[in-house]
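Let's walk through this one together, with the viewer open beside the text. Take a moment to turn it around before reading on.

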Amino acid sequence: MSDNPVDVPRTAPQKSATFSDAINAEIRRAAATGIYDIRGGGAKRKVPHFDDLLFLGASMSRYPLEGYREKCETKVVLGTRHAKKPIELDIPITIAGMSFGALSGPAKEALGRGATAAGTSTTTGDGGMTEEERGHSDKLVYQYLPSRYGMNPDDLRRADAIEIVVGQGAKPGGGGMLLGQKITDRVAEMRNLPKGIDQRSACRHPDWTGPDDLEIKILELREITNWEKPIYIKVGGARPYFDTTLAIKAGADVVVLDGMQGGTAATQDVFIEHVGQPTLACIRPAVQALQDLGMHREVQLVVSGGIRTGADVAKALALGADAVAIGTAALIALGDNNPRWEAEYNELGTTAGAYDDWHEGRDPAGITTQDPDLMARLDPVSAGRCLSNYLKVMTLEAQTIARACGKNHVHNLEPEDLCALTVEAAAMSGVPLAGTDWVPGRERY
Amino acid sequence: MQTLDMAEVTLREVNSKLQAQKASTNQQTWEIVNPRGSHAIACGLDGPIEVTVLGSTGYYCGGMNKDATVHIMGSAGPGVAENMMSGKVVIEGDASQYAGATGNGGLLVIKGNASSRCGISMKGIDIVVHGNIGHMSAFMAQSGNLVVLGNAGDALGDSLYEARLFVRGEVKSLGADCIEKEMRPEHLAILADLLSQADADARPEEFRRYGSARQLYNFNIDNASAY
Ligand SMILES: Cc1cc2nc3c(=O)[nH]c(=O)nc-3n(C[C@H](O)[C@H](O)[C@H](O)COP(=O)(O)O)c2cc1C
């Protein structure tokens, strides 16, 4: 018998699935600092998404369209219900609202340039309208947020549409926070607050509380802008059927629906990861609400939260959306989280692809910052060009799929063109599980 | 004087007439009769005209006003003069919730009482209330002056930033981070000016001043219960 302990078989060390390394690190971080984790970006957990859907393509019963030769339209008109001047877009992909303050001036300019070159709109954000984006955006949507930072009637009148923000997918029910580090003189002045202090953006609007008085608020905004501008209502993915119903009742021209994967500039991690429904689960109930009120296509639906490719665009449209909006993907196209800055990400204790401390204002890519040296790293002209390239690629991809399904307009894509890879995705998107005619949970619709 | 009778013309016609009057207009005085509590009367004005509303108004009367003077002879519904930029709005009667919300400039005078959340998120507007104000007034108020000749309800100035609050009567309670502050000569001068502009019969010395303790300006875990 050997008395060498190495020879005795032992239980292998096993880490807890519940108390994983990441969880334990977070417990230690919270214990050391006494503050919850604030970060940018959207939910990082895996949830059922567009990847869990597939298109069926054309076959015996339907014929495809010839690539390049047979036209597949992509135009979208938003705001046809009440606005005298609806917005016409060449492509069904818009740039979502991202605040000046969270983003630098050159980043806002790049978004405007890219969107304009691709024939689509961009959107202001918390913090008001800047000259950079108004000047470089052919079509600019002006957000009307609870904070009302920078809100004024002149900018309202020079906007092409107004988006009333009720909520965001990353944080339905939450307000915003721009930490003191990013409050430079310019940001402070636009928000009418002292430099260097944390700026809390309220979670509720100051002068209306529910859909009944929102209806009156919309009347006021229309009166101020001569009934010209389309009025969007943006909601986070909370109760999409009822939220859409009430938005229509309140008089919206367009409903913007942002699922839980949607990005944010800065929010508590606990909020981003644990509140709100996945984008995939939000679309069908919202479309159902539009259909129940006879408003599908008359009130347009814009879907956002985790849109990355032309396939995602095509799937969102097939489920009934009129257009999509992108935030995170647009920033990546501009250069966010690019591996070329890896050494600097490492210095910040992170790595390209994982950098999300956007609220700290030290972004190596010069996008989510107000630091003049970092900001100067982003050339708005070439970054804008990259964004327009990316938007065009996504559009071509969506058209490729639409043609394969025999559609001469991307809006003709329909749920019948889809199947789901998982039971969960089938239930959430209301399309059959691949290889079956089973749609779990259908009775509820 | 031009008269617009809301028993005969629509809200859209009333507002587009008024909004069309720019700085050089010759038609400077307007009267609105039969307002019948309509919402959004005289909002988005953009010139130095004087509008008198003979009666009470619904929501958002005088909203986003620039340069104009709007005189409401009755009472005003919620959000009167919301987001005002400049000019003046005077209410002879009472004002409902959120009077002067998010206002950036100009003067709002309420001769009666104001309900809850008066001056919420104000960003530079001056508000003078001859009577009392309700709870949560000046919530997250950023800048400007709120002057109250009567009493203030619960949680005055909760989470406020740099706005100055002056109350002559009693304050039921102060909100998070709002404290009484020393009244210095420059504050007495601001008060004297606002009281005279608002035709208010009170002396600056009778008021107390409240403002931000600035303890919540940068996050600190030891203040967690106040957030
Ligand atoms: C940096 C950044 C700033 C944002 N700022 C705002 C904002 O000011 N207002 C708003 O409604 N949404 C804001 N959002 C959310 C976007 O409008 C949009 O809902 C979201 O980014 C869509 O999801 P995606 O990022 O997965 O494309 C922001 C998102 C990001 C990434």
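Where is the place of Ala138(B) in chain B? Keep in mind that this is a predicted model. Ala138(B) sits in the loop between strand S7 (123-129) and strand S8 (143-148) of chain B. Its backbone catches the eye: phi of Ala138(B) is near 60 degrees, a positive value in a residue other than glycine. Ala138(B) is also buried, because its relative accessible area is 0%, and buried means under 20%.

Stay in that loop a little longer. Gln142(B) lies between S7 and S8 of chain B as well, and at 2% relative accessibility Gln142(B) counts as buried. What is Gln142(B) in contact with, leaving aside its neighbours within four places in sequence? Part of the answer comes from chain A, with Tyr149(A), Arg191(A), Asn192(A) and Leu193(A). The rest comes from chain B: Ser121(B), Met122(B), Lys123(B), Tyr161(B), Glu162(B) and Ala163(B).

Now step back to chain B as a whole. Chain B has 2 helices and 11 strands, and from the N terminus on its elements run β-α-β-β-β-β-β-β-β-β-β-α-β. With 227 residues, the globule rule gives 17 Å, and the radius of gyration of chain B is 18 Å, so chain B is as compact as a globular protein of that length. Its C-alpha trace spans about 60 × 35 × 30 Å along the principal axes. Of the 227 residues, 58% count as buried. The exposed area of chain B is about 8,400 Å², with carbon and sulfur atoms supplying 44% of it. If you count contacts in chain B between residues at least 6 apart in sequence, 25% join residues at least 24 apart. As for charge, chain B carries 18 positive and 25 negative charges, whose mean positions are 3 Å apart.

Let's turn to chain A. Chain A holds 15 helices and 16 strands. Why does its radius of gyration agree with that of a compact globule? For 445 residues such a globule would have a value near 22 Å, and chain A has 23 Å. The C-alpha atoms of chain A fill a box of roughly 90 × 65 × 45 Å along the principal axes, and 56% of the 445 residues count as buried. Among contacts in chain A with a separation of 6 or more, 67% are between residues 24 or more positions apart. The accessible surface of chain A comes to about 18,600 Å², and 54% of that belongs to carbon and sulfur atoms. The 48 positive and 59 negative charges of chain A have mean positions 2 Å apart.

Those charges lead us to the pairs they form. Side chains of opposite charge can pair when their charged atoms come close. Over all chains, the structure holds 48 salt bridges. In one of them, Lys15(A) meets Asp21(A), with the closest N and O atoms 2.9 Å apart. Lys15(A) is exposed, with a relative accessible area of 61%, while Asp21(A) counts as partly exposed at 46%.

A second pair is Asp90(A) with Lys75(A), at 3.3 Å from N to O. Asp90(A) lies in the loop between strand S4 (87-89) and strand S5 (93-95), and Lys75(A) in the loop between strand S2 (53-55) and strand S3 (76-78), so the pair ties together parts of chain A that are 15 residues apart in sequence. Asp90(A) is partly exposed at 38% relative accessibility, and Lys75(A) is partly exposed at 46%.

Are the partners buried or exposed when Lys229(A) and Glu228(A) are considered? Lys229(A) is buried, and so is Glu228(A); their side chains meet in a salt bridge at 3.6 Å, N to O. Elsewhere, salt bridges that share partners join Arg39(A), Lys44(A), Arg45(A), Asp269(A), Glu273(A) and Asp356(A) into one network.

Two loops of chain A round off the walk. Asn337(A), between helix H11 (328-334) and helix H12 (342-347), has a positive phi near 60 degrees and counts as buried at 13% relative accessibility. Gly320(A), in the loop between helix H10 (310-318) and strand S15 (323-326), counts as buried at 4%. Gly320(A) and Pro415(A) are 95 residues apart in sequence, with their C-alpha atoms 7.7 Å apart in space. Beyond residues up to four places away in sequence, Gly320(A) touches Val287(A), His296(A), Arg297(A) and Leu301(A).

Key. Residues are numbered from 1 along each chain as its sequence is written. Chains are lettered from A and ligands numbered from 1 in the order in which they are written. This is a predicted model: local features need pLDDT of at least 70, side-chain atom pairs count only at pLDDT 80 or more; totals for chains, interfaces and linings use all residues. Side-chain values use heavy atoms; hydrogens and water are left out. Helices (H or I, at least four residues) and strands (E, at least two) are DSSP runs, numbered from the N terminus. The radius of gyration is taken over C-alpha atoms; the globule rule is 2.2 Å times the number of residues to the power 0.38. Buried means under 20% relative accessible area, exposed over 50%, partly exposed in between (1.4 Å probe, protein chains only). Contact means heavy atoms within 4.5 Å. Accessible areas come from the Shrake-Rupley method with a 1.4 Å probe; for residues, only the protein chains shown count as cover. Lys and Arg count as positive and Asp and Glu as negative; His and the chain ends are not counted. The place of a charge is taken as NZ of Lys, CZ of Arg, CG of Asp or CD of Glu. A salt bridge is a side-chain nitrogen of Lys or Arg within 4 Å of a carboxyl oxygen of Asp or Glu.
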